[in-house]
Amino acid sequence: MNTKELDAKYIAGTYARFPVVLKEGKGALVRDESGKEYIDMGSGIAVSALGYGDEGWVAAVSAQAGQLAHASNLYHTAPQALLAQRLC
């Protein structure tokens, strides 16, 4: 099965998708499976607007994934507290 068929079979159809299968990106640009390039104007709707493949972000996420990839909000974590401090 191709990506669109897998999506249709296994992902709840809670919203319409564009008929594009994204493969990779850098900055604000993404490429589909055939190599066609697009400017991503959606900015990861409700997620982030950091772009794709940013070296600083990749390094920070990679370092954190080696320590503690995710923890429930039922627990305290230093990154959570430090981010809250920066945001305030």
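This passage walks through a small sheet, a helix and a surface patch. The model is predicted, so to speak on paper: local features need pLDDT of at least 70 and side-chain atom pairs count only at pLDDT 80 or more, while totals for chains, interfaces and linings use all residues. Residues are numbered from 1 along each chain as its sequence is written, and side-chain values use heavy atoms, with hydrogens and water left out.

Let's start with the sheet. Three strands (DSSP runs of E, at least two residues, numbered from the N terminus) make an open sheet in the order β1-β2-β3, with antiparallel pairing; two strands pair if DSSP finds at least two bridges between them. At the edges sit β1 (22–26) and β3 (37–39), each pairing on one side only. On average, neighbouring strands here are turned by 30° against each other, direction ignored, with axes being lines fitted to C-alpha atoms and angles running from 0 to 180 degrees between N-to-C directions.

Now for the bridges. β1 and β2 are joined by four of them, and G25 has V30 in β2 as its partner. On the β3 side, three bridges tie in β2 (residues 29–32), and V30 is partnered with Y38. The β1–β2 pair forms a hairpin with two residues in between, and G27 in the turn has a positive phi of about 65°.

Away from the sheet, Y10 belongs to helix α1 (residues 3–10); helices are DSSP runs of H or I with at least four residues. Y10 counts as exposed because its relative accessibility is 57%, and exposed means over 50% (1.4 Å probe, protein chains only).

Methods:
Buried < 20%, exposed > 50% of the residue type's maximum accessible area, 1.4 Å probe, protein only.
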